Amino acid sequence: MSLPIYCLAFNPRRHQLVCGLNAGIRLYALDEAKECGHYVKSAVLFIAKEHTDIVSCIICLDARIYSAGFDQKLVIYDYSYAGNNKLVPVFNNQVHDAGITSLLMAKDIENTWIVTGSYDKTVKIWTAEGKLIHKLDNFPSSVTGVCYIPRNKTLWVASGASYAWLYDPKSGDNVSDFIGTFQNVEEEKYQLQILRFYPEHNFAFATTNRRQMVIWKYKVQACVTALKTRTSLECICFTAQEPILIFTGDHEGITTKWERMQSNPFLYSKETLQVSDNKKRKRVGTRPLEEFENNNAPTVFMNVGKNKRSQSQYAFDQKDIPTVAAYKHANVTIMQMLYIENLDCLLTASEDSNIYLWGLDDSAVQALEQMNPDDVDTLVEKYGILLDPSSVLLPQNAQPKAKNFVSKRVAGLLCKCVFAEHISCVSALLLVGRDQGQESTYVLSGGWDQRICLWDIEKYELKAVFENVNEGKENNQLACDGIITDMAYNPKTNEFAYSSSDKMVYIRKFDTRGSHMVLTNTLQGHEGEVNCVAWNDICSKWVTASEDGTVRIWGGSLMNLCEQVLNLNSAITALCIDCKVGCIIVGVQKEIKVYEAQTYQLVQTNKGHTDSVRSIIHIPERDQYVSCSWDKTIRIWNSYKQPRWKKSKATRQTKHSLKLPKDMSIESEGQSSFNEETSEETMSKSIDLPPVSLDVMEEE
């Protein structure tokens with residue numbers, strides 16, 4: 001072609017090759033039959049001369065061509081409607097203060113973006129028509145490459161470092177700190193330059209200034225979001241109603257509230273809840289007041305070094321359980337936490353033997369409820385025709401309870417009460433409330449003192465303490481021979497189970513009278529301390545996990561027959577049940593393993609934590625698992641989804657097993673169920689696909 005070519009693009013719609021030259025663009029037709037002896041015909045179809053310097057980037061979209069160059073210009077061409085190959089510029093502006101090095105097109109279901117990167121250390125995001133949406137700046141060096149990862153909807157930017165900056169193109173937010181891809185990457189001696197993503201193999205490639213290539217592989221089971229904290233985490237819980245909040249407890253006795261931002265699914269805001277000003281809080285329990293006051297000093301924030309983790313006092317001696325007076329530090333681990341939806345309160349069980357109740361700030365709630373702009377109704381009446389028919393602003397769609405509920409959540413939480421009855425660490429909490437047919441909202445607590453306490457949360461009182469009528473007065477309050485590690489409730493039989501370090505699980509009838517908590521069964525078989533117990537409501541079976549590296553599933557007519565043993569070859573530190581499909585979610589040291597409920601086959605493994613996983617929860621509204629660990633991170637994962645053939649099989653079995661009324665046809669019922677599952681599956685793939693991080697592979 002007798003001229004230097006600086007960039008190329010292929011227009012599949014017109015079967016043309018677009019070449020970027022010095023101060024111009026040339027179009028060439030393709031000769032797929034090679035009649036002229038080459039794939040490209042040498043005759044020039046058209047020459048565009050809008051650029052005044054080297055054209056460095058070209059992309060093609062349908063009937064449009066986008067070009068950018070060292071003349072700082074972005075030019076958008078439309079093909080002429082006359083049927084010839086003439087290019088008509090519809091946008092021709094200087095958009096950067098230096099030469100443009102990168103030009104990218106990014107798409108999702110709703111948007112099409114044009115992204116430009118420049119030597120002026122900025123990245124700009126445009127609409128397909130050339131309207132500026134976001135300007136991303138503060139990069140340390142010239143932008144040498146950009147690429148879009150459609151699987152997690154993030155924009156990668158290379159700018160003079162061995163890692164890329166990650167952005168959400170829709171909101172323009174920097175999400176690098178919330179995605180685990182580059183969180184733990186140390187600075188290398190090379191610098192990333194050109195970035196590319198190949199959707200056929202789900203690989204991201206980058207070239208470096210040392211003639212190397214770095215490859216990242218897309219992993220479906222990698223974490224969606226990674227939230228960093230400054231101290232090790234021990235427990236986690238969440239609120240089921242919107243807005244969904246996540247609470248974590250750490251080794252310094254600090255409770256943190258996390259809420260996902262509305263702007264994008266990566267960013268989370270956080271708020272710390274601090275225990276302070278003890279004298280103004282209500283105290284419930286029989287423990288001496290002097291002991292309570294001496295061991296509940298205000299929380300002090302401590303700086304923890306990078307290589308030093310705040311350790312908790314976990315040394316347990318069955319013959320000599322440490323009392324509250326043994327703790328001389330003010331900051332103690334939050335061992336367990338529980339959120340009560342109907343009362344909007346949070347319970348945190350601490351290593352200092354207390355249970356703290358966090359409730360809504362009543363004064364703030366009252367102030368928020370009174371905030372009602374005078375002109376809202378007038379504006380709605382005036383512009384109501386412009387609103388969506390389902391908008392909650394319209395009077396017919398108003399939801400005062402939901403609005404009031406959100407206002408309460410905004411008000412925040414205060415420590416309102418301290419339950420002080422245990423004499424050692426409280427390690428287990430269990431809610432048995434009105435949803436389970438009770439007259440009030442009760443919480444069972446157990447701990448290292450081997451005792452079980454029953455609290456009436458609505459009345460802020462100690463309802464009962466477990467009493468073993470078969471023992472003497474000295475030991476009649478001991479519920480087991482070891483510390484209580486976990487609790488679970490079976491609503492079908494009104495029984496609760498608690499695991500113990502004595503290698504056993506005890507099952508008792510729930511009763512508001514301590515002496516009537518009758519032992520109905522025991523689960524024996526583990527060879528080590530039983531750390532976790534859970535009730536699988538979908539399969540109607542007990543599930544236990546132990547230090548011996550096994551998970552046991554219990555069934556039978558008396559629910560004490562071990563039906564299955566899952567050998568994981570390592571101590572199990574966390575257990576959770578998927579409340580949608582009944583999968584068993586297990587924390588095994590640094591990994592999370594998911595086992596199918598019926599076949600007990602391993603169906604998913606989540607890797608990313610660098611220290612022991614301490615707690616796992618399932619948020620069904622978002623189809624996510626959330627875990628916290630001693631590595632000072634909270635990681636959010638995609639939950640396991642059954643393959644479509646399994647769903648179809650379950651639907652067919654349901655059709656044969658269900659007896660429907662005469663006026664309802666089996667075909668319509670089965671078709672409705674199938675369409676609902678198909679619609680949900682399609683939406684998860686094309687509309688609301690949860691983001692997944694990319695992990696670095698071996699350098700080539």
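Okay, so let's start with residues 606–638: the C-alpha atoms at the two ends of that span sit 9 Å apart, and the span is 0% helix and 64% strand. Helices and strands here are DSSP runs, H or I over at least four residues for helices and E over at least two for strands, numbered from the N terminus. This is a predicted model, so local features need pLDDT of at least 70 and side-chain atom pairs count only at pLDDT 80 or more, while totals for chains, interfaces and linings use all residues. Residues are numbered from 1 along each chain as its sequence is written, and side-chain values use heavy atoms, with hydrogens and water left out.

Back to that span. UniProt, in an unreviewed entry, puts the feature "repeat: WD" at residues 93–126, 523–554 and 606–638. Those positions are in the numbering used here, feature names are shortened, and annotations may be inferred rather than shown by experiment. For residues 523–554, we get 0% helix and 62% strand, with the end C-alpha atoms 8 Å apart.

Now zoom out. How many helices and strands are there in the protein? There are 6 helices and 48 strands. Of the 700 residues, 52% are buried, and buried means under 20% relative accessible area, exposed means over 50%, and partly exposed is in between, with a 1.4 Å probe and protein chains only. The protein exposes about 34100 Å², and carbon and sulfur atoms supply 49% of that. Those areas come from the Shrake-Rupley method with a 1.4 Å probe, and for residues only the protein chains shown count as cover. If you take contacts (heavy atoms within 4.5 Å) between residues at least 6 apart in sequence, 51% of them join residues at least 24 apart.

So what about the inside? In soluble globular proteins, nonpolar side chains tend to be buried together. The largest nonpolar core here has 35 residues, and the ones with the most contacts inside it are Trp156, Leu192, Trp216, Ile246 and Val626. This core takes at least three residues from each of domain 2 (121–218) and domain 3 (233–275 + 330–371 + 410–638). The domain bounds come from an automatic or database domain assignment. Another core, of 20 residues, lies apart from it, and Leu444, Leu454, Tyr489 and Met504 are among its members. By nonpolar core I mean a set of buried Ala, Val, Leu, Ile, Met, Phe, Trp, Tyr and Cys residues joined through side-chain atoms within 4.5 Å.

Let's meet some individual residues. Serine 445 is in strand S30, residues 442–447. Is serine 445 buried or exposed? Its relative accessibility is 0%, so serine 445 counts as buried. Its side chain makes a polar contact of 2.8 Å with the side chain of histidine 422. A polar contact is a pair of N or O atoms within 3.5 Å; within protein, one must be able to donate a hydrogen and the other to accept it, and residues adjacent in sequence count only if both atoms are side-chain atoms. Leaving out residues up to four places away in sequence, serine 445 touches several others, including Ile355, Trp455 and Met487.

Just past S30, in the loop between S30 and strand S31 (452–456), we find glutamine 450. Glutamine 450 is buried too, with a relative accessible area of 8%. The odd bit is the backbone: glutamine 450 has a positive phi of about 65 degrees although it is not a glycine. Asparagine 494 has a positive phi as well, about 55 degrees, and is not a glycine either. You'll find asparagine 494 in the loop between strand S33 (484–490) and strand S34 (495–500), and at 24% relative accessibility it counts as partly exposed.

One more backbone curiosity: the peptide bond between glutamate 242 and proline 243 is cis, with omega about -5 degrees. Proline 243 lies in the loop between strand S20 (233–238) and strand S21 (245–250). Why point these out? Because most residues other than glycine have a negative phi, and most peptide bonds are trans.

Last stop, alanine 226, in strand S19, residues 225–228. With 0% relative accessibility, alanine 226 counts as buried. Alanine 226 and glutamine 183 are 43 residues apart in sequence, yet 8.5 Å apart in space, C-alpha to C-alpha. Not counting residues up to four places away in sequence, alanine 226 also touches Ile634 and Arg635, among others.
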